[in-house]
Amino acid sequence: MFLRRLAVIVPRSTRFFSSKDSLDLASTVAELNKEMESVFGEPPPDGLANSGNRSCMAQDAHHNSHVILGSTNDKFAAQELSSISHLLGENTPGLTHVGSTGKAQMVDVSPKETSSRTAIASCKVVLGKKVFDLVLANQMAKGDVLTVAKIAGINGAKHTSTLIPLCHNITLAHVRVDLRLDPEDFSVEIEGEAASTGKTGVEMEAMTAVSIAGLTVYDMCKAASKDIQVTDIRLERKTGGKTGYWCREE
């Protein structure tokens with residue numbers, strides 16, 4: 001008798017899995033409880049009812065979470081950024097290229113004061129002894145490696161805003177790129193300097209200069225070796241702007 005009744009009721013419960021109405025499961029569980037009580041003379045354990053309620057609650061929470069997340073992603077991101085900033089502290093520098101909603105942005109430098117700005121960066125290109133000797137003797141097939149790399153570095157600094165999308169297009173007052181052969185580790189030591197008077201720094205211009213110079217050294221020498229390494233691209237020193245003087249500590 002119980003099995004026949006259960007067979008009639010259970011198909012109705014399966015409707016829950018294809019319906020968005022979370023009340024189906026709750027009503028089905030209630031009917032099952034009544035049937036079991038009429039057969040066994042007592043209500044089923046609390047676990048059955050509780051499990052049904054928990055399932056309904058879980059389904060509702062899952063459905064509602066999709067609705068809320070779908071409409072408030074930007075607001076949530078903004079709150080998260082605000083919370084992170086609060087935890088880090090007011091004096092901790094933020095990511096200026098990230099807006100209040102977490103999206104990339106170009107920094108508005110119009111409120112900043114104009115000041116004299118300089119930056120020095122460095123880079124190393126490890127050649128290996130064979131290539132080092134060829135460069136030292138100016139015997140590379142493409143020509144004078146150091147001179148071509150020097151000019152490439154200067155040209156690279158002037159095109160920084162084209163290569164790095166969120167950099168400002170600034171007027172450079174001076175760019176210097178020096179390359180020195182180091183026989184101790186068969187490398188080329190590169191140093192680049194950029195200077196400007198304006199509202200934003202020239203760190204990226206200096207780093208772009210040494211990066212392009214290093215890549216040019218590789219291009220000039222790659223026919224002789226594919227094992228050349230461009231390494232240690234870094235800022236060494238900067239002046240000007242709100243943060244003033246900064247120097248890398250060795």
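In this predicted model, the buried residues of helix H6 are Val145, Ala149, Ala152, Gly153, Gly156 and Ala157. Viewed down the axis of H6, these residues fall within an arc of 135 degrees, so they line one face of the helix. The general geometry of helices fits such a pattern. An α-helix has 3.6 residues a turn, so residues three or four places apart point the same way. On the other side of H6, Ile151 and Lys158 are exposed.

Several elements cover the buried residues of H6. Among them are helix H5 (129-136) and helix H7 (160-163). Strand S2 (174-182) and helix H8 (203-221) also take part in this cover. The length of H6 was checked as well. H6 comprises 14 residues, 145-158, and at 1.5 Å a residue it should span 20 Å; the end C-alpha atoms are 20 Å apart, which agrees. The N-terminal end of H6 is capped by Asp144. A side-chain oxygen of Asp144 lies 3.4 Å from the backbone nitrogen of Leu146.

The strands form an open sheet. It contains five strands in the order S2-S3-S1-S4-S5, and the pairing is antiparallel. S2 and strand S5 (246-247) are the edge strands, and each pairs on one side only. S2 and S3 are joined by nine bridges. Asp178 stands opposite Glu191 in S3. S1 and S3 pair over 12 bridges, again in the antiparallel sense. Here Val126 has Ser187 in S3 as its bridge partner. Eight bridges join S1 to strand S4 (residues 229-239), and these two strands run antiparallel. Val230 in S4 is the bridge partner of Val125.

Helices and strands meet in the largest nonpolar core, which has 29 residues. Leu127, Val135, Val188, Ile190, Val217 and Cys221 touch the most other members of this core. At least two core residues come from each of strand S1 (115-126), H5, H6, S2, strand S3 (187-198) and H8. H8 gives the most, with seven residues. In soluble globular proteins, nonpolar side chains tend to be buried together.

Leu127 illustrates the contacts of one core member. Neighbours within four places in sequence are left aside here. Leu127 is then in contact with Phe132, Val135, Leu181, Phe186, Ser187, Val188, Val217 and Ile228. Of these partners, Val135, Val188 and Val217 are themselves listed with Leu127 among the core residues that touch the most other members.

How values were computed. Residues are numbered from 1 along each chain as its sequence is written. This is a predicted model: local features need pLDDT of at least 70, side-chain atom pairs count only at pLDDT 80 or more; totals for chains, interfaces and linings use all residues. Side-chain values use heavy atoms; hydrogens and water are left out. Helices (H or I, at least four residues) and strands (E, at least two) are DSSP runs, numbered from the N terminus. The expected span of a helix is 1.5 Å times one less than its number of residues. Buried means under 20% relative accessible area, exposed over 50%, partly exposed in between (1.4 Å probe, protein chains only). The arc is that of the directions from the helix axis to the C-beta atoms. Contact means heavy atoms within 4.5 Å. A polar contact is a pair of N or O atoms within 3.5 Å; within protein, one must be able to donate a hydrogen and the other to accept it, and residues adjacent in sequence count only if both atoms are side-chain atoms. A nonpolar core is a set of buried Ala, Val, Leu, Ile, Met, Phe, Trp, Tyr and Cys residues joined through side-chain atoms within 4.5 Å. Two strands pair if DSSP finds at least two bridges between them.
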